[in-house]
Amino acid sequence: MPYHFLEVAVTPSVRAAQAEMGADQIWLGGHDRPSDRFTENEIAFIASRDSFYMASVSETDWPYVQHRGGQPGFLKVIDEQTLAFADYSGNRQYISTGNFAVNDRTCLFLMDYARRARLKIYAHVEHLTLEEDPALTAAVSDLNYRARAERIFKLRLEAFDWNCPQHITPRYTEHEVEQAVTPLRERLSQLEAENEALRVRIGELR
């Protein structure tokens with residue numbers, strides 16, 4: 001039977017906190033929709049993301065959250081239950097890599113600030129060398145990216161859920177702003193050209 005996201009997230013202590021706040025009845029029943037396979041909606045959303053946040057837990061039980069970024073779609077949907085991405089060289093701390101070696105559980109947050117949408121994903125992480133699965137390495141590698149890939153992270157979906165947009169402040173990337181202002185710039189250029197043409201005509205009539 002497929003896990004629902006809340007079956008993973010809601011532990012006895014979480015249930016106690018919900019009861020203390022009078023919210024426990026909200027989450028009883030009615031949450032049995034499958035969330036162990038990505039649908040076309042999630043696949044399209046993931047393919048459009050240029051970053052995400054990834055959590056891991058260390059041997060000291062301290063959580064660690066890492067930001068990952070790249071070209072839109074760098075987090076690849078391999079199939080309806082599998083994600084993968086190339087892990088490029090960075091500051092060489094390897095905190096997430098080390099944490100996943102002893103605890104393969106992760107939670108991803110994928111944000112679309114402009115549309116105030118958030119996709120949460122529970123998954124199990126496996127890291128592979130570049131040589132272990134050449135086809136997968138080829139699928140996730142970006143030959144135009146300047147950094148060097150060191151390994152592949154392969155994620156097996158446990159459950160996903162969508163969050164409400166209530167407290168997501170809209171923010172826009174440089175590309176999104178450029179898309180929004182391009183028609184305005186084009187219209188401004190058109191009006192300036194019309195204005196200049198009118199000036200010329202007025203000058204000729206004098």
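**Rings, charges and a kinked helix**

Colleague: Why is Phe 85 called buried?

Modeller: Phe 85 has a relative accessible area of 0% in this predicted model. The cut-off for buried is under 20%, so Phe 85 is buried.

Colleague: What makes Phe 52 buried?

Modeller: Its relative accessible area is 1%. That is under 20%, so Phe 52 counts as buried.

Colleague: How many aromatic pairs does a search of the whole structure find?

Modeller: The search finds 8. One of them joins Phe 5 and Tyr 122.

Colleague: What makes the pair of Phe 5 and Tyr 122 stacked?

Modeller: The ring centres are 4.5 Å apart, and the planes differ by 15 degrees. A pair needs centres within 6.5 Å, and stacked needs planes under 30 degrees apart, so both conditions are met.

Colleague: How do you know that this pair links distant parts of the chain?

Modeller: Phe 5 belongs to helix α1 (residues 5–9) and Tyr 122 to strand β6 (residues 117–128), with their positions 117 residues apart. Phe 5 is also buried, because its relative accessible area of 4% is under 20%.

Colleague: Why is the pair of Phe 52 and Phe 85 called edge-to-face?

Modeller: The centres lie 5.4 Å apart, and the planes stand at 75 degrees. The angle is over 60, so the pair is edge-to-face. Phe 52 is in strand β1 (residues 51–57) and Phe 85 in strand β4 (residues 82–88), so the contact ties together parts 33 residues apart in sequence.

Colleague: Which residues form a cluster through ring pairs?

Modeller: Phe 52, Phe 74, Phe 85, Phe 100 and Phe 153 are linked in this way.

Colleague: How do you know that Arg 49 sits over the ring of Phe 45?

Modeller: The charged end of Arg 49 is 4.9 Å from the centre of that ring, and the limit is within 6 Å, together with within 35 degrees of the ring normal. Arg 171 likewise lies over the face of Tyr 113, at 5.7 Å from the ring centre.

Colleague: Why is Asn 99 counted as buried?

Modeller: Asn 99 has 6% relative accessibility, which is under 20%, so it counts as buried. Asn 99 is in helix α4 (residues 95–102). Not counting residues up to four places away in sequence, Asn 99 touches Ser 56, Val 57, Ser 58 and Tyr 64.

Colleague: Where in α6 does a kink lie?

Modeller: The kink, about 35 degrees, is at Val 181, shortly before the proline Pro 183. Helix α6 (residues 174–205) has 32 residues and reaches 45 Å between its first and last C-alpha, close to the 46 Å expected.

Note on methods:
Residues numbered from 1 in each chain as written. Predicted model: local features only at pLDDT ≥ 70, side-chain atom pairs only at ≥ 80, totals over all residues. Heavy atoms only, no water. Phe/Tyr/Trp six-rings, centres within 6.5 Å; stacked < 30°, edge-to-face > 60°. Helix = DSSP H or I, 4+ residues; strand = E, 2+ residues; numbered from the N terminus. Buried < 20%, exposed > 50% of the residue type's maximum accessible area, 1.4 Å probe, protein only. Expected span 1.5 Å × (residues − 1). Bend = angle between axes of the 7 residues up to and from the residue. Contact = heavy atoms within 4.5 Å.
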